[in-house]
Amino acid sequence: MQRAPATMEEQLILKAIGEDCPWENLPKRLQSTLNSKEEWHRRVIEHCIKKRLHWNTCFARKVCKEGEYYEEMMRYLRRNLALFPYHLAEYVCRVMRVSSFKYYCDMLFEVMKNEQPYDSIPNFSAADALRLTGIGRNEFIDIMNKCRSKKIMWKLNKSIAKELLPVEPVEFVIEPWWGVCLVNFTLEEFKKLSEDEMSMIDKICKEEANSFILFDPEIIKGLHRRGLVYFDVPVYPDDRFKVSRLEGFVSNREQLYEDPIEELLYAVFVVSSENSTVAELATTLQADISQLQAAASFACRLGWAVKLIDPASILQESNAPGSPKSLLSDEEDGSHSTMGSVDGIALQPGDALWTENSSPAADYSRVAFVVDANITSYLMMGSVSPGLKSHAVTLYEAGKLGDASIADLCKDLMTLEGTKFEGELQEFANHAFSLRCILECLTSGGVVADDRENIGSISTSNEEVSNKEADYCYGDNSGADKPESNTEDYEQLIVQEATGSSDERSDKTNNSYSKDSNLDPASVDEKPVSLEGKKMKKPRKYRVDILRCESLAALAPATLDRLFHRDYDIIMSMIPLPHSSVLPGSKGPIHFGPPSHSSMTPWMKLVLYSALSSGPLSVVLMKGQCLRLLPAPLAGCEKALIWSWDGCTIGGLGGKFEGNLVKGSILLHCLNSLLKYSAVLVQPLSRNDLDDGGKVVTLDVPLPLKNSDGSMAYIGEELGLCGEESSKLNTLLYDISNKINLWTIGYVRLLRLFKERESDNFSVDNSDKYEWVILSAEFGIPLFSPKLCSSICKRVVSSKLLQTDLSNEHHEAMQDLRSRLREVCLEYQSTGSTARLLYQKEQPEKNSSRPLMTYASGRWNPLADPSSPISGALSDNQRLKLANRQRCRTEVLSFDGNILRSYSLSPIYEVGNRAIEENGKGETEDVDSKEVILPGVNLLFDGSELRPFEIGACLQARQPVSLIAEASAASAAFALKQKVVN
């Protein structure tokens, strides 16, 4: 594990070693620190050993002998149970005669002798030892039980364990392109060689190429078992390889020592691509290419990566029609049969053909589906399917599941159909069904062929997923086996359309599937891509990789940007993403997910409410306040929805992205508990807003709201609502789509609220008692809800989102959201224009009117300042009274302990506010920070407008709100500095 130099002396020592500086030329400061020349030489050797450097290319060659250097290195590696140094095999194996098998047997014996647990062996070392010795966790425990059964003999003689270890390596896969290398024989070993072995050794010495395929495999394996040959796995800068499943990976502890090759392996797993050479990967990672070659070589040695062989070196006519672009190996199904032969040379299962002239990127769009570590834990729970565990280990440890594994993953997820789950396993089932649904939707390109089922209506609720798992998934069972078959059928459909069958298409109004129609879904829903003359545009095909967001966050930001730009056209995120996740910037690929980190906070709700001039009554409370009583909109509420600003959880509150519903009787206690750690958004609800069970009523509407041709989708009918409800919903969604562009994937959550009316105007019509308002908008794929995920997939298909040019409109929509979020954050943060105006940090003019006076509320005097009372603390119909109040351009809402009032600011303050806003706009930058921006003022959204909210009378000891804002801003800045230092 690498660590940064802690002191200036350490930095100077590393710089001197890098410059091969002898003792005599060291600065006096370092000489006094090191005390002696021997200490300096020891530091040099120690540094080179930790970096696993070749003796003849590092500074150590000037301070010690070659044999001493490698002997000290092997002692260091054995002491730390480190990985065998395969890149140094030319000396370690050939000269020192230390084979990897013998090394790992000695390592296992040392662990057993010291009675250490199997978990003490680092994961990569344990995996390599398992490959060579066949000793895994169960075998290790079995040997230790046999040793302990000897009782006193085991305590006196630990060598009993060595007798139970294997004496020769087990059979393992040897790829045909691996190199065969000889060790330095002793005279006795040479005399014991047979004639066949002698001729084989002569051939190895004479041949310029030493590939395993050129020799008799049985003789070579026999020589290897006796330690007379070792295998080299060459990786060159222009080689390409792909990462497969991590079969045989051992999930032990990570290494606690420094090993640049091991640490580079995790990054290689994430950023590797069959379209990129090793040299290009080194550029992406900004890593030393020799270390990257060693890491890639080790991954190939353990079968976790497959080298792509260029057929141009084998075939004479590599560009002939029909030549394969990439014949994927069968490492996924474990078959070891020969794939075929080219000019008499057999291709083994670890090989894959590649042609540089026909890159897969030319025919496919690449999609990265970003998930969190919880998905891997859910897949690990699927013990009914052994394949799911392998996928889960690969995704967790490697951080990536490549497109070659997606079909197998869908097959394994399909085995869960018909299985009933209870309790916590139901959450696993929900994620499993949703994952298969979105993967099949993406791999199909968002189109449906005539041999596929309807996506179908889903009658099962989120909590009762039982026998209709197939309905949640996109298409029928054949989709996992042949993820690209639908695109071929779709091409045939386009050809039929071009020959005159287009008139037979029936155009349904809502662009959704008609359950009563006998026509195939593709002919009803999927209009062919526009034809210019006689040229036809092929449907887009997609390849999907699954990436783990924690692995992405471990990469350097520049490396991550290069990865996204190089390998992917679309990034899609699950819902919810952790706040620590890394998001592609505005200049990156298309991102069907949160446009910025601010959109993952309640700021997004405020932006939506302000843009639509509609939403539930909401109160924003600053971090650090302590309330002695609830202000008017919150006092007397039946229940309330609350969110913490940064997702922190205190006593089970604040962590849920859908909000916590708490009773009004304990709301004050809950708010004071959360306000110590985070700002809070509160939405009070009356008894009439809740259903009979005391819960809120919500409706999730899938995005996008519009189709690719700009027409509005009739989503109310797709969701199965009755005629009147569907009409009202479609009207609301039409208004939303006109005011804010949501051309992306996700869903909008609507909240049902009771329509408050004056008593004399109360209508007895039950159908008009409630109204729908927007509650939130989430971007990405909600894997927690199969029903909602299926609805989103249906919208993707019916809108033809994945078959249209997304870049311009999606970029404009996301830029608009980023701009709105940035403006709201800048205005209402602790250093924003509103905070500076309210706390009078900047006076509009030197000779301004009298300063605002302090009264019961803490700032305004209702006797001197113009105000209009709105409601009392426990008044009914708070929303209605707030909505019907007399408004002005610039106002502040204030609660003095009894009455909620509206104060209009004088014109001079309006001018000052506009000046501050204009100055703030010039400071904006298109940079998204992970740091959560907290509100610097209390705010109240009254149902149509967002206004500052003064609640000084509600605070304990009448705390100065400006002081609280300054403290909140200072604590946030201090936390940021601490993260930078660490």
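The exercises below, each with a worked solution, concern a predicted model.

In this predicted model, local features need pLDDT of at least 70 and side-chain atom pairs count only at pLDDT 80 or more, while totals for chains, interfaces and linings use all residues. Residues are numbered from 1 along each chain as its sequence is written, and side-chain values use heavy atoms, with hydrogens and water left out.

**Exercise 1. Overall content**

State how many helices and strands the protein chain has, and what share of its residues counts as buried.

Step 1. Helices (H or I, at least four residues) and strands (E, at least two) are DSSP runs, numbered from the N terminus. The protein chain has 36 helices and 25 strands.

Step 2. Buried means under 20% relative accessible area, exposed over 50%, and partly exposed in between (1.4 Å probe, protein chains only). Of the 982 residues, 52% count as buried.

Step 3. Contact means heavy atoms within 4.5 Å. Among contacts with a separation of 6 or more, 73% come from residues 24 or more positions apart.

**Exercise 2. Nonpolar cores**

Find which residues touch the most other members of the largest nonpolar core, and which helix gives the most to it.

Step 1. A nonpolar core is a set of buried Ala, Val, Leu, Ile, Met, Phe, Trp, Tyr and Cys residues joined through side-chain atoms within 4.5 Å. The largest has 175 residues, of which Trp40, Tyr69, Phe369 and Ile438 touch the most other members.

Step 2. Helix H20 (residues 425-443) is the main contributor, with 10 residues.

Step 3. A second, separate core has 54 residues, including Met712, Leu732, Leu821 and Leu934.

Step 4. Residues up to four places away in sequence are not counted for tyrosine 69; its contacts include Ile45, Trp55 and Cys64.

**Exercise 3. Cysteines**

Determine how many disulfides a search of the whole structure finds, and how far the nearest cysteine sulfur is from that of cysteine 437.

Step 1. A disulfide is a covalent bond between the sulfur atoms of two cysteines. The criterion used here is a pair of cysteine sulfur atoms within 2.5 Å.

Step 2. The search finds 0 disulfides.

Step 3. Cysteine 437 is in no disulfide, and the nearest cysteine sulfur, that of cysteine 793, is 3.4 Å away.

Step 4. Cysteine 437 is buried, with a relative accessible area of 0%. Cysteine 21 is also buried, at 13%.

**Exercise 4. An open sheet**

Give the strand order of the open sheet that contains S18, and explain why one side of S17 and of S19 is left without a neighbour.

Step 1. Two strands pair if DSSP finds at least two bridges between them. The order is S17-S18-S19, with antiparallel pairing.

Step 2. Strands S17 (698-703) and S19 (770-779) stand at the edges and each has a single partner strand, so one side of each lacks a neighbour in the sheet.

Step 3. Axes are lines fitted to C-alpha atoms, for helices over the stretch in contact, and angles run from 0 to 180 degrees between N-to-C directions. Neighbouring strands of this sheet are turned by 25° against each other on average, direction ignored.

Step 4. Strand S18 (residues 746-754) pairs with S19 over 9 bridges in the antiparallel sense. Tyrosine 747 stands opposite glutamate 778 in S19.

Step 5. Helix H31 (residues 786-799) packs on the sheet and touches S17 and S18; its direction makes about 35° with that of S17.

**Exercise 5. A covered strand**

Decide which residues of S4 lie on each of its faces.

Step 1. In a regular strand the side chains alternate between the two faces of the sheet.

Step 2. Ala305, Lys307 and Ile309 are on one side, Val306 and Leu308 on the other, and all are buried.

Step 3. Since 5 of the 5 residues of S4 (residues 305-309) are buried, the strand is largely enclosed by the rest of the structure.

Step 4. Strand S3 (residues 240-243) runs antiparallel to S4 and is joined to it by 4 bridges. Arginine 240 has leucine 308 as its bridge partner in S4.

**Exercise 6. The ends of a helix**

Identify the residue that caps the N-terminal end of H13, and the residue just after H13 that takes a positive phi.

Step 1. A polar contact is a pair of N or O atoms within 3.5 Å; within protein, one must be able to donate a hydrogen and the other to accept it, and residues adjacent in sequence count only if both atoms are side-chain atoms. Aspartate 216 is the cap, with a side-chain oxygen 3.1 Å from the backbone nitrogen of glutamate 218.

Step 2. Glycine 227 takes a positive phi of about 75°.

Step 3. The buried residues of H13 (residues 217-225) are Ile219, Ile220, Gly222, Leu223 and His224. They pack against strand S1 (179-182), helix H12 (195-206) and strand S2 (229-232).
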